[in-house]
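Student: I should like to work through this chain with you, beginning with the arrangement of its strands. May we have the sequence and the structure in view?

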Amino acid sequence: MATIRDVAKKAGVSVATVSRALNDKGYVHEDTRKLINKAILELNYKPNEVARSLYKKKSRLIGLLLPDIRNPFFPELARGIEDKMQEHGLRLIIGNADENPAKEIDYIETFKQNNVIGLITATNQTETSYYENLTFPVVFLDRTSNQHPSVYADGLAGGKMAAKEIVRRGSKRITLLKGPMELRTAQDRFKGAIDELCNSNVDFNVITTASFTFADAEKTAQELFEKFPETDGVIAGNDLGASAILHEALRKGISIPDQLQIIGYDDIPLSSLLFPPLSTIRQPAYDMGKEAATLLIKIMDNELIEHKNIQLPVTFIDRQTTRKVEDNG
C-alpha cells in the first residue's frame with residue numbers, strides 16, 4: 001500500500017508539500033499540485049482518514065453503533081448504510097455495543113476522538129444522556145427517539161400481522177414473546193399482537209425476554225416448553241428467538257407446522273435456510289439502512305427535512321413453519 005512518502009518521492013517534492021496539497025493548507029503551486037495528483041493516481045494512494053481528521057478537525061467518517069453484530073439483522077442494516085455513504089465519499093467506523101451501556105459510551109467517545117461528522121445508532125439506550133451535547137448529528141435506526149430523527153419499521157402493523165396470520169392458520173393456544181421493555185419498537189410489535197389476539201377466539205400466554213441475543217433466545221425456548229407445553233403457536237420477537245424455538249421443538253419431536261406453528265420477525269437471511277424455512281414478518285433492513293444514511297446526509301448538509309421520523313412498511317413472509325390457510329378452512 002502506497003504511503004505519503006511514496007507520493008512525495010514520485011512527484012519529486014517533500015512530504016510536507018504533499019500534506020499541504022491533500023489538506024488544502026498553505027500554498028502549493030498549480031504545476032506541483034498536478035504532479036502530486038498524477039502520483040496519487042498512479043500509486044493508487046489512499047489518504048489515512050483518521051490522520052487527516054486529526055489534522056483538519058474534520059473528516060469523512062461516520063460512526064455506526066450496533067447492539068449485537070452477531071445478529072444477522074444488523075449487518076443487513078449496515079450494508080444499506082455503507083452503500084449509501086460510499087455514494088457520497090463517506091466511510092464508516094462500526095462499533096458493537098453488545099447491548100452493554102458501558103461499551104456504548106466507550107464507542108461514542110471513540111467516535112468523538114476520531115472526529116466523526118455524524119452517527120447512526122441502533123442500540124437500546126435511546127432515551128439517555130449519551131447522545132446529548134454531541135457536536136455531530138445523530139440518527140436512530142430500528143429505534144425511535146423523542147429527541148433525534150429516526151428510521152424504523154411499522155412494529156404495530158407487524159405484530160398485528162403476525163397474530164392475524166397465526167390465528168387464521170388454526171393456532172388456538174398461542175405463546176407471545178415480548179421483547180425488551182426499553183425498546184419501543186419491540187413494544188410496538190407486542191402491542192400490535194396483543195390487540196389482535198384479544199379480539200380473537202384463542203388462549204394466549206406471554207413470556208418477556210430480556211434481550212434479543214443468542215443466549216437469551218436459547219433460555220426462552222427452554223422456558224416456553226417447560227411453562228406452556230400445550231402451546232400450538234408461537235409469535236417470536238425476532239428471528240433468532242424463533243430459530244431457537246424451532247430447534248428446541250424439533251429436538252423434542254414436535255411436528256412443525258402440524259403441531260406447532262412459529263412466526264419470527266425480521267426475515268434475516270438465515271430464515272430461508274432453516275429446516276423447515278421460517279415464516280416471519282419482514283423488516284426491509286437494507287432499505288432502512290439506506291434511509292437512515294440518506295437522512296443523516298441531509299442533516300449534515302443542512303437541507304430542509306420534511307420528515308424526521310421515517311416509518312417503513314413490513315410484510316408477512318409465508319414459509320413452512322406455518323400451515324396454509326386452506327388447510328384450516
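Student: In what order do the six strands of the open sheet lie?
Tutor: The model is a predicted one. In this open sheet the pairing is parallel. Its six strands follow the order E2-E1-E3-E4-E5-E11.

Student: Which are the edge strands of this sheet?
Tutor: An edge strand of the sheet pairs on one side only. Two strands meet that description, namely E2 (91-96) and E11 (309-312).

Student: By what angle are neighbouring strands of this sheet turned against each other on average?
Tutor: The direction of the strands is ignored in this average. For neighbouring strands of the sheet, the average turn comes to 15°.

Student: Which residue of E2 is the bridge partner of Leu65?
Tutor: Strand E1 covers residues 61-66 and pairs with E2 in the parallel sense, over six bridges. The partner of Leu65 in E2 is Gly95.

Student: Which residue of E4 stands opposite Thr121?
Tutor: Strand E3 (residues 118-121) runs parallel to E4, and three bridges join them. Opposite Thr121, in E4, stands Phe140.

Student: Are the side chains on the two faces of strand E4 buried or exposed?
Tutor: Strand E4 comprises residues 138-141, with Val138 and Phe140 on one side. Val139 and Leu141 lie on the other side. Both faces are covered, and these four side chains are all buried.

Student: Which residue of E5 is the bridge partner of Leu141?
Tutor: E4 is joined to strand E5 (residues 150-153) by two bridges, and the strands run parallel. Leu141 has as its bridge partner in E5 the residue Val151.

Student: Which residues of E11 point to the face where the side chains are buried?
Tutor: In a regular strand, side chains alternate between the two faces of the sheet. Along E11, Asn309 and Gln311 point to one face and are not buried. The buried residues, pointing to the other face, are Ile310 and Leu312.

Student: And which residue of E11 is the bridge partner of Tyr152?
Tutor: E5 and E11 pair over four bridges in the parallel sense. In E11, Tyr152 is partnered by Gln311.

Student: Why are helices H5 and H11 described as oblique to each other?
Tutor: The axes of H5 (residues 73-87) and H11 (residues 285-300) come within 7 Å and cross at roughly 40°. Angles under 35 degrees would count as roughly parallel, and those from 65 to 115 as roughly perpendicular. The crossing, which is right-handed, is therefore oblique.

Student: How many nonpolar residues are there in the contact of H5 with H11?
Tutor: The contributors from H5 include Phe73, Leu77 and Ile81, and those from H11 include Tyr286, Met288 and Leu296. Of the residues in the contact, three are polar and six charged, while the nonpolar ones number ten.

Student: Why does Arg189 count as buried?
Tutor: Arg189 lies in helix H8 (residues 184-198). Leaving aside neighbours within four places in sequence, its contacts include Asp142, Tyr265, Asp266 and Gln283. A residue is buried if its relative accessible area is under 20%. Arg189 counts as buried because its relative accessibility is 9%.

Student: For the chain as a whole, what percentage of the residues count as buried?
Tutor: The secondary structure comprises eleven helices and twelve strands. The C-alpha atoms fill a box of roughly 80 × 35 × 35 Å along the principal axes. Of the 329 residues, the proportion counted as buried is 51%.

Definitions and conventions
Residues numbered from 1 in each chain as written. Predicted model: local features only at pLDDT ≥ 70, side-chain atom pairs only at ≥ 80, totals over all residues. Heavy atoms only, no water. Pairing = 2+ DSSP bridges. Axes fitted to C-alpha atoms, helices over the stretch in contact; angles between N-to-C directions. Parallel < 35°, antiparallel > 145°, perpendicular 65-115°, else oblique. Left-handed = near helix turned anticlockwise from the far one by under 90°. Contact = heavy atoms within 4.5 Å. Nonpolar A, V, L, I, M, F, W, Y, C, P; charged D, E, K, R; others polar. Buried < 20%, exposed > 50% of the residue type's maximum accessible area, 1.4 Å probe, protein only.
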